[in-house]
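Grab a coffee and work through these short exercises with the chain open in your viewer. Try each task before you read its solution.

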Amino acid sequence: MISLHGVSKTYNEGRPNQVTALHGIDLAIAPGVTVFMGPSGSGKTTLLSLVGCMARPTTGRITLDGEVISSLPERFLTDLRRRRFGFVFQRFNLIRGLSVLENVMLPAAPLGEERAVVEARALARLESLGLAGKARMPVEVLSGGETQRAAIARAMVNDAPVLIADEPTANLDTALTHRFLDIVAALRAEGKTVILTSHDPRIIAAAPVTAVVEMQDGTVLEVRS
Ligand SMILES: Nc1ncnc2c1ncn2[C@@H]1O[C@H](COP(=O)(O)OP(=O)(O)OP(=O)(O)O)[C@@H](O)[C@H]1O
């Protein structure tokens, strides 16, 4: 369970271009699939970056399974980020010149596990996402949908309990969106917490979604679950 207590975020504090992106958010995110929606600029990406410990709130605190994560020193935060969170970026950010398998194994490198252990886990993830046959190929040969699945495999290689994805279906057609939702349903069945932002009505109406959080002007307008 992730909890936000009075979380605010102000960018460029004290400067003429100061923007308060989040205003005193109180919210609980349970295991399952939570989708953040709302107009552009309503604070969705900012909220995801705070929950994923990529930035710190200006005020308030965030807890993960009861542990305060919003005020940890940077060196603990980096480790926590690697072990507890997987990220799928909108552009997927796979590294060209490396194979699919090498890309998927990357987030495990700093954790110091044996290469064979990580490779087995990465291959198992690729297999479950239907990409085992492409593991040794360069990422450049993947289609759009395959690239997304490789990015999900990479995000999940450390078996993190929380997957965060910003607009994951923005560039996908209907068939690939449904495929993505099947993957999300499988992650939910594994007991993971999946946190998404989306403008896509197909996602919001989808079966695996457990909660929809509607944001407006840096506040939570409504939570439907
Ligand atoms: N790094 C930053 N520096 C300054 N202002 C920022 C920064 N990131 C976001 N903002 C501002 O914070 C507000 C919320 O932005 P955010 O990206 O969180 O919204 P969003 O709901 O994710 O929008 P979109 O749907 O367009 O991605 C906006 O006014 C934006 O301009």
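**Exercise 1. Work out how the chain is held together and how big it is.**

Start with the contacts, where two residues count if their C-beta atoms, placed from the backbone, lie within 7 Å. Among contacts between residues at least 6 apart in sequence, 69% join residues at least 24 apart.

A word on the model before going on: it's predicted, so local features need pLDDT of at least 70 and side-chain atom pairs count only at pLDDT 80 or more, while totals for chains, interfaces and linings use all residues. Numbering runs from 1 along each chain as its sequence is written.

Next, size. The C-alpha trace spans about 50 × 40 × 35 Å along its principal axes. For 225 residues a compact globule would have a radius of gyration near 17 Å, and the chain's 18 Å agrees with that. (That radius is taken over C-alpha atoms, and the globule rule is 2.2 Å times the number of residues to the power 0.38.)

Last, burial: 38% of the 225 residues are buried, meaning 20 or more other C-beta atoms lie within 10 Å of the residue's own, with C-beta atoms placed from the backbone.

**Exercise 2. Trace the open sheet, then look at strand 6.**

First, count elements: there are seven helices and ten strands. These are DSSP runs numbered from the N terminus, helices being H or I with at least four residues and strands E with at least two.

Now order the sheet. Four strands run 2-1-4-5 with antiparallel pairing, and its edges are strand 2 and strand 5 (67-68), each pairing on one side only. Pairing here takes at least two DSSP bridges between two strands. Strand 1 (residues 2-11) and strand 2 share seven bridges; one to find is Ser3 with Ala28 of strand 2.

Then move to strand 6 (residues 85-88), which pairs with strand 7 (residues 162-166) in the parallel sense over four bridges. Phe85 bridges to Val162 there. Both faces of strand 6 are covered, with Phe85 and Phe87 buried on one side and Gly86 and Val88 on the other.

**Exercise 3. Describe the shell around the ligand.**

List the neighbours, taking a residue whose C-beta atom, placed from the backbone, lies within 6 Å. Among them are Tyr11, Asn12, Gly43, Lys44 and Thr45.

Sort by element: strand 2 (19-29) and helix 1 (44-51) each supply at least two residues, and helix 1 gives the most, with three.

Finish with the annotation: the unreviewed UniProt entry places "domain: ABC transporter" over residues 2-225.

Methods. A residue is buried if 20 or more other C-beta atoms lie within 10 Å of its own, exposed if 12 or fewer, and partly exposed in between; C-beta atoms are placed from the backbone. UniProt positions are given in the numbering used here, feature names are shortened, and annotations may be inferred rather than shown by experiment.
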